Amino acid sequence: MKVALLQLNSGDDPATNLAATVQLVGQAAGQGAEFILTPEVTNCVSQDRLHQMRVLQHQDEDITLAGLRAAAVRHGIWLSIGSLALKTNDPDGRFANRSFLIDPAGRIVAQYDKIHMFDVAVSPTETYRESAGYRPGEQAVVADTPFAKIGMSICYDVRFAYLYRALAQSGAQVLLVPSAFSPVTGAAHWETLLRARAIETGSYVLAAAQTGTHSAHSGKLRQTYGHSLAVSPWGEVLVDMGTAPGIAMVDLDLAEVAQSRKRIAALSHDRPFEGP
């Protein structure tokens, strides 16, 4: 199975971002990709809530979702839209950070709302309060496809190992971690966390990421780490995209999942315990 990771430098204009993403999807399909992955907040990277209110849309109206569904049909590929920032009907006005799995007919096979919110103080000058603008999801998702069972997650979820264990124990063979990771935490933790999730579950981990300094019409500029990764079920880094936007190809062999889980059957070795 040929998979393409797209590393993007999305700004805060959804129309501009869509044009760039559709172009890369076409290039990846032309290189033989059958499953193409985009990062978190593919449609809009912004820290300005008022700007987001102006440019974001509800799911049924979102131009990025519609455009990428059409691209999946045009190229006959499976597509993971890492996530879209979307308006909701929540009374408090918070958005959804929602991932989509699209089939070659353009149908939404599965969708997942990010469960864990990035509410952190990385440094005195770099703080995030994702829960102020986004409401957390509550449902873990494993999607069936003809080529693999897919476990869905988004970015900060990667720090919560129990989620990935639950996905793998529910049958997931490939774990998706689309991200827009902070450069500081990325340099310190990104590769280690992704390799750990692969090793713990004997799964492929595919993490398409945002990268660089993101253009903004208003508000503070956002920077992200890049380094989109593909990790084997044995914990080997198969792809590291560095910091440039672009495309990386990787071949998946699900026999590697079965072999890793046979060699170390940790997913079946849970034991009850008391305390602490």
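This section describes the sheets, helix packing and selected local features of a predicted model.

One open sheet is built from six strands in the order 5-4-3-2-1-16, and the pairing within this sheet is mixed. Its edges are occupied by strand 5 (108-113) and strand 16 (246-251); each has a single partner strand, so one side of each is left without a neighbour in the sheet. From one strand to the next, the twist averages 20 degrees. Within this sheet, strand 3 (residues 78-86) and strand 4 (residues 96-102) are paired in the antiparallel sense, over six bridges. In that pairing, serine 80 lies opposite leucine 101 of strand 4.

Helix 1 (residues 14-30) packs on this sheet, where strand 1 (2-7), strand 2 (35-37), strand 3 and strand 16 are touched by the helix. The direction of helix 1 makes about 155 degrees with that of strand 1. Helix 3 (residues 63-75) also packs on the sheet, with contacts to strand 3, strand 4 and strand 5. For helix 3, the angle between its direction and that of strand 3 is about 175 degrees.

Helix 1 and helix 3 also pack against each other, at an angle of about 15 degrees and with their axes 10 Å apart. Angles under 35 degrees count as roughly parallel, and helix 1 is therefore roughly parallel to helix 3. The crossing of these two helices is right-handed. Helix 1 contributes Pro14, Ala15, Leu18, Thr21, Val22, Val25, Gly26 and Ala29 to the contact, while helix 3 contributes Ile63, Thr64, Gly67, Leu68, Ala71, Arg74 and His75. By class, the residues of the contact between helix 1 and helix 3 comprise nine nonpolar, five polar and one charged.

A salt bridge is present between lysine 2 and aspartate 251, for which the closest N and O atoms are 3.3 Å apart. Lysine 2 belongs to strand 1 and aspartate 251 to strand 16; the pair links distant parts of the chain, with the two positions 249 residues apart in numbering. Across the whole structure, a search finds twelve salt bridges. Side chains of opposite charge can pair when their charged atoms come close.

Strand 6 (residues 119-123) and strand 7 (residues 126-129) run antiparallel and are joined by four bridges. The two strands form a hairpin, with two residues between them. Serine 123 has glutamate 126, in strand 7, as its bridge partner.

A further open sheet, also of six strands, has the order 8-9-10-11-14-15 and mixed pairing. Strand 8 (141-144) and strand 15 (237-240) stand at its edges; each has a single partner strand, so one side of each is left without a neighbour in the sheet. The twist in this sheet averages 15 degrees from one strand to the next. Strand 8 runs antiparallel to strand 9 (residues 149-152), to which it is joined by four bridges. In this pair, aspartate 144 is placed opposite lysine 149 of strand 9.

Helix 6 lies across four strands, namely strand 10 (174-176), strand 11 (204-207), strand 14 (229-231) and strand 15. With respect to strand 14, helix 6 runs at about 25 degrees. Helix 6 (residues 183-201) also packs with helix 5 (residues 161-169), at an angle of about 40 degrees and with the axes 10 Å apart. The crossing of helix 5 and helix 6 is right-handed. On the side of helix 5, the contact is made by Ala161, Tyr164, Arg165 and Ala168; on the side of helix 6, by Arg197, Glu200 and Thr201. Sorted by class, this contact of helix 5 with helix 6 has three nonpolar, one polar and three charged residues.

Two backbone features remain to be noted. Valine 41, although not a glycine, has a positive phi of about 40 degrees. This valine is located in the loop between strand 2 and helix 2 (49-55). A cis peptide bond is found between glycine 275 and proline 276, with omega of about 5 degrees. Proline 276 lies in the segment that follows helix 7 (254-263).

Methods. Residues numbered from 1 in each chain as written. Predicted model: local features only at pLDDT ≥ 70, side-chain atom pairs only at ≥ 80, totals over all residues. Heavy atoms only, no water. Axes fitted to C-alpha atoms, helices over the stretch in contact; angles between N-to-C directions. Left-handed = near helix turned anticlockwise from the far one by under 90°. Contact = heavy atoms within 4.5 Å. Nonpolar A, V, L, I, M, F, W, Y, C, P; charged D, E, K, R; others polar. Pairing = 2+ DSSP bridges. Parallel < 35°, antiparallel > 145°, perpendicular 65-115°, else oblique. Salt bridge = Lys/Arg side-chain N within 4 Å of Asp/Glu carboxyl O.
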